[in-house]
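Biologist: Please take one part of this model and examine it closely, namely the surroundings of the ligand.

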Amino acid sequence: MWRMTTLYYVLLVLHLVGWAIVLGGVLATMRDRVLPRGALHGILTALVTGVLMVGLASSGAADVGEPDNTKIAVKLLVAVVVTALVVQGVRKPAKVTNGLLGAIAGLTALNVGIAVLWR
Ligand code: HEM
């Protein structure tokens with residue numbers, strides 16, 4: 001099933017682009033204390049592509065081995081918190097603080113660490 005394996009890697013590219021938009025955007029707008037445009041789309045892209053990759057890997061449709069479900073559960077939890085923080089910032093732009101932006105950037109960086117270092 002090489003097509004599904006290719007799809008998996010295309011999703012991985014979108015996954016990386018998705019959270020990179022969030023992290024890069026938040027760092028760029030931190031001083032202005034506003035959420036960057038595209039942050040919501042970025043984190044939703046990371047979330048949806050992540051879940052789809054897990055589906056393709058667990059079902060065996062993509063030839064990439066079994067995902068580590070404990071690692072995935074922790075990443076999913078962190079990503080859901082990031083999503084909630086971004087949604088909060090989009091809903092109430094006047095209440096965006098450096099703390100909120102720092103938490104979004106920090107938790108996104110934490111997930112990069114978990115993704116790469118958890119072996
Ligand atoms: C802020 C959120 C997230 C960040 C920063 C992030 C970061 C990353 C990074 C850096 C990789 C590449 C790892 C490598 O190839 O060595 C990756 C891969 C992956 N991510 Fe995420 N991720 C996030 C959310 C999620 C979520 C919510 C899921 C699933 C529910 C998920 C599932 C996966 C899978 C299946 C892979 C490919 C397999 C692996 O290397 O573990 N990710 N992610």
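Modeller: A polar side-chain atom of Lys75 lies 2.5 Å from a nitrogen atom of the ligand, where a polar contact is a pair of N or O atoms within 3.5 Å. The model is predicted, so local features need pLDDT of at least 70 and side-chain atom pairs count only at pLDDT 80 or more, while totals for chains, interfaces and linings use all residues. Residues are numbered from 1 along each chain as its sequence is written, and side-chain values use heavy atoms, leaving out hydrogens and water.

His15 likewise places a polar side-chain atom 2.8 Å from a nitrogen atom of the ligand. Both residues also serve the metal: His15 (NE2) and Lys75 (NZ) coordinate the iron atom of the ligand at 1.8 to 2.0 Å, donors being N, O and S atoms within 2.8 Å of the metal (3.2 Å for Na, K and Ca). The iron site has six donor atoms, with angles of 83 to 178 degrees, and is octahedral, a class that requires opposite donors over 155 degrees apart and all other angles between 65 and 115. Because His15 belongs to helix H1 and Lys75 to helix H3, the pair ties together parts that are 60 residues apart in sequence; helices are DSSP runs (H or I) of at least four residues.

Lys71 has a polar side-chain atom 3.3 Å from an oxygen atom of the ligand. Helices H1 (2–29), H2 (39–58), H3 (69–91) and H4 (98–117) each give two or more residues to the surrounding shell, and H2 gives the most, with six. Altogether, 21 residues surround the ligand, each having a heavy atom within 4 Å of it.

Technical notes:
A polar contact is a pair of N or O atoms within 3.5 Å; within protein, one must be able to donate a hydrogen and the other to accept it, and residues adjacent in sequence count only if both atoms are side-chain atoms. Four donors count as tetrahedral if all angles lie between 85 and 135 degrees; four count as square planar and six as octahedral if opposite donors are over 155 degrees apart and all others between 65 and 115; anything else is irregular.
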